[in-house]
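Trainee: I have a model open and want the reasoning behind its labels. Can we go through them one at a time?

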Amino acid sequence: MKDDDLSAWFVEQVLPLEGVLERYLRRNWRDASEIADLRQEVYARVYDGCAQRRPSRPRLLCCRRRATC
């Protein structure tokens, strides 16, 4: 996937789920000061993973569990 296509896909399919991710992290993470870093880590993992192969649906919600374990 080209970088422009990947970026467009990310903005369209993943970023709209930011509120869901944010709520999940706030409910399940003890240190609120780490939430912004965790969110960025999840986004980086999704973006890097999708650079190799884009899923048919966003996998953000699966990645958030792995980032918080």
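**Labels and the values behind them**

Mentor: Start with Arg 39. Leaving aside residues up to four places away in sequence, Arg 39 touches Glu 18, Leu 21, Glu 22 and Leu 25. Keep in mind that this is a predicted model.

Trainee: Where is Arg 39 found?

Mentor: In helix α3.

Trainee: What makes Arg 39 buried?

Mentor: Its relative accessible area is 16%. Buried means under 20%. The value falls under that cut-off, so Arg 39 is buried.

Trainee: Which helix holds Glu 22, and why does Glu 22 count as buried?

Mentor: Glu 22 lies in helix α2. Its relative accessibility is 15%. The cut-off is under 20%, so Glu 22 counts as buried.

Trainee: How do you know that the side chains of Arg 39 and Glu 22 are joined by a polar contact?

Mentor: The contact is 2.5 Å. A polar contact needs a pair of N or O atoms within 3.5 Å. The value is within that limit, so the label holds.

Trainee: What does Glu 22 touch, not counting residues up to four places away in sequence?

Mentor: Ile 35 and Arg 39.

Trainee: Now the helix pairs. What describes two packed helices?

Mentor: The angle between their axes and the distance between the axes. For helix α2 (residues 18–28) and helix α3 (residues 35–52), the angle is about 130° and the axes are 10 Å apart.

Trainee: Why is α2 called oblique to α3?

Mentor: Set about 130° against the classes. Roughly perpendicular covers 65 to 115 degrees, and roughly antiparallel is over 145. The angle falls in neither class, nor under 35 degrees, so α2 is oblique to α3. The crossing of α2 past α3 is right-handed.

Trainee: Which residues of α2 and α3 meet?

Mentor: From α2, Glu 18, Leu 21, Glu 22, Leu 25 and Arg 26. From α3, Ile 35, Leu 38, Arg 39, Val 42 and Tyr 43. By class, this contact of α2 with α3 has 6 nonpolar, no polar and 4 charged residues.

Trainee: At what angle do α1 and α3 pack, and how far apart are their axes?

Mentor: The angle is about 135°, and the axes are 10 Å apart.

Trainee: What makes α1 oblique to α3?

Mentor: Roughly antiparallel starts over 145 degrees. About 135° does not reach that, and it lies outside 65 to 115, so α1 is oblique to α3. α1 passes α3 in a right-handed crossing.

Trainee: Which residues make the contact of α1 with α3?

Mentor: α1 gives Asp 3, Leu 6, Ser 7, Trp 9, Phe 10 and Val 14. α3 gives Tyr 43, Val 46, Tyr 47, Cys 50 and Ala 51. The classes are 9 nonpolar, 1 polar and 1 charged.

Trainee: How do you know that Trp 9 is buried?

Mentor: Trp 9 lies in helix α1 (residues 3–14). Its relative accessible area is 8%. That is under 20%, so Trp 9 is buried.

Trainee: How far apart are Trp 9 and Cys 50?

Mentor: In sequence, 41 residues; in space, 9.4 Å from C-alpha to C-alpha.

Trainee: And the whole protein: how many helices and strands does it have?

Mentor: 4 helices and 0 strands. Along the sequence the pattern is α-α-α-α. Of the 69 residues, 30% are buried. Take contacts between residues at least 6 apart in sequence: 62% of them join residues at least 24 apart.

Methods
Residues are numbered from 1 along each chain as its sequence is written. This is a predicted model: local features need pLDDT of at least 70, side-chain atom pairs count only at pLDDT 80 or more; totals for chains, interfaces and linings use all residues. Side-chain values use heavy atoms; hydrogens and water are left out. Axes are lines fitted to C-alpha atoms, for helices over the stretch in contact, and angles run from 0 to 180 degrees between N-to-C directions. Helices (H or I, at least four residues) and strands (E, at least two) are DSSP runs, numbered from the N terminus. A crossing is left-handed if the near helix is turned anticlockwise from the far one by less than a right angle, and right-handed if clockwise. Contact means heavy atoms within 4.5 Å. Ala, Val, Leu, Ile, Met, Phe, Trp, Tyr, Cys and Pro count as nonpolar, Asp, Glu, Lys and Arg as charged, and the others, Gly among them, as polar. Buried means under 20% relative accessible area, exposed over 50%, partly exposed in between (1.4 Å probe, protein chains only). A polar contact is a pair of N or O atoms within 3.5 Å; within protein, one must be able to donate a hydrogen and the other to accept it, and residues adjacent in sequence count only if both atoms are side-chain atoms.
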